[in-house]
Amino acid sequence: LLQPLEGADRDAVREATRVARQRATALGTAAPRFWYQEGLRCVHAAFARHEAGESIPAGEVAWLGLLLTAILVRDAASLMVGTYPAAAHIALWSEVARRVEPGYVAAPATLLAIAAYGSGAGTLARIAVDRARADNPSYSMAYLLDYALSHGVPPSAVHQMHATLTTEELETQLITCPTAALPRLPAPVEGR
């Protein structure tokens, strides 16, 4: 379910990731609110494409993957579980996790795990957590979900812990810790 796509799509996403990294570097880190708002816009646009039955173009996948490296963008996306049905989350984050380049998998795979676990698909959640941790062993959100899955924490408890985070709190974090809205670009894979 979460094996990386290969072939022409992999080549297109790889090139799009290179372009996205250049764009992010050129935009810099001076405007955390821009990064946060751009992340929200891209997540909503990706859901809209999925609802319309469209595939996400390689450039948008790469840009979304890059934006999700920002903690606040990832957290905001995770709060959209009530905005879009769980099945939409599972479909979207599965596609993104399969298509993004190495180094960008942890966030969408973790978002998939949250949606899957919350909807009772524990096996899919486990696969997604394992994929996230393989991509980034120190990814804290994946570690927490791994712990919950390994220790039999019921999905309702995970949902309750997660439900305590609100959009207003994210806005406050944007003010108090603006660096959490900035993308954290992984080191480029050698030769790419």
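**Figure 1. Surroundings of T17 in helix α1 of the predicted model.** T17 touches A62, E101 and Y104, leaving aside residues up to four places away in sequence. The helix that carries T17, α1, covers residues 8-27. With a relative accessible area of 8%, T17 counts as buried, because the cut-off for buried is under 20%.

**Figure 2. Surroundings of R99 in helix α5.** R99 has a relative accessible area of 5% and is buried. Not counting residues up to four places away in sequence, R99 touches L5, D9, R10, V13, S55, I56, P57, A58 and V61. One of these contacts, A58, is 41 residues from R99 in sequence. The C-alpha atoms of R99 and A58 are 8.2 Å apart in space.

**Figure 3. The aromatic cluster of F34, W35 and W63.** The search of the whole structure gives 4 aromatic pairs. In the pair of F34 and W35, the ring centres are 5.3 Å apart and the planes stand at 70°. This pair is edge-to-face, because planes over 60 degrees apart are classed that way. F34 is partly exposed, at 32% relative accessible area. W35 is buried, at 2% relative accessibility. W63 belongs to the cluster with F34 and W35, and the charged end of R23 sits over the ring of W63. The distance from the charged end of R23 to the centre of that ring is 3.8 Å.

**Figure 4. The aromatic pair of F47 and W93.** The centres of the two rings, F47 and W93, lie 5.9 Å apart, and their planes meet at 90°, so this pair is edge-to-face. F47 is in helix α2, residues 32-51, and W93 is in helix α5, residues 86-99. The pair therefore ties together parts of the chain that are 46 residues apart in sequence. F47 and W93 are both buried.

**Figure 5. Packing of helix α4 against helix α10.** Two packed helices are described by the angle between their axes and by the distance between the axes. Helix α4 spans residues 71-78 and helix α10 spans residues 167-176. Their axes are 10 Å apart and form an angle of about 175°. α4 and α10 are therefore roughly antiparallel to each other, since angles over 145 degrees fall in that class. On the α4 side, the contact involves L72, D75 and A76. On the α10 side, it involves L170, Q173 and L174. By type, the residues of the contact of α4 with α10 comprise 4 nonpolar, 1 polar and 1 charged.

**Figure 6. T166 in the loop between α9 and α10.** Helix α9 takes in residues 155-163, and T166 is found in the loop between α9 and α10. T166 is partly exposed, at 28% relative accessibility. T166 and S55 are 111 residues apart along the chain, and their C-alpha atoms are separated by 30 Å.

**Figure 7. A30 in the loop between α1 and α2.** A30 has a relative accessibility of 75% and counts as exposed, because the cut-off for exposed is over 50%. From A30 to A121 there are 91 residues in sequence and 40 Å in space, C-alpha to C-alpha.

**Figure 8. L144 in helix α8.** Helix α8 consists of residues 140-150, and L144 is one of them. L144 counts as exposed, with a relative accessibility of 54%. The C-alpha atoms of L144 and L40 are separated by 24 Å, and the two residues are 104 residues apart along the chain.

Note on methods
Residues are numbered from 1 along each chain as its sequence is written. This is a predicted model: local features need pLDDT of at least 70, side-chain atom pairs count only at pLDDT 80 or more; totals for chains, interfaces and linings use all residues. Side-chain values use heavy atoms; hydrogens and water are left out. Rings of Phe, Tyr and Trp (its six-membered ring) pair if their centres lie within 6.5 Å; planes under 30 degrees apart count as stacked, over 60 as edge-to-face and the rest as tilted. Buried means under 20% relative accessible area, exposed over 50%, partly exposed in between (1.4 Å probe, protein chains only). Helices (H or I, at least four residues) and strands (E, at least two) are DSSP runs, numbered from the N terminus. A charge sits over a ring if NZ of Lys or CZ of Arg is within 6 Å of the ring centre and within 35 degrees of the ring normal. Axes are lines fitted to C-alpha atoms, for helices over the stretch in contact, and angles run from 0 to 180 degrees between N-to-C directions. Angles under 35 degrees count as roughly parallel, over 145 as roughly antiparallel, 65 to 115 as roughly perpendicular and the rest as oblique. Contact means heavy atoms within 4.5 Å. Ala, Val, Leu, Ile, Met, Phe, Trp, Tyr, Cys and Pro count as nonpolar, Asp, Glu, Lys and Arg as charged, and the others, Gly among them, as polar.
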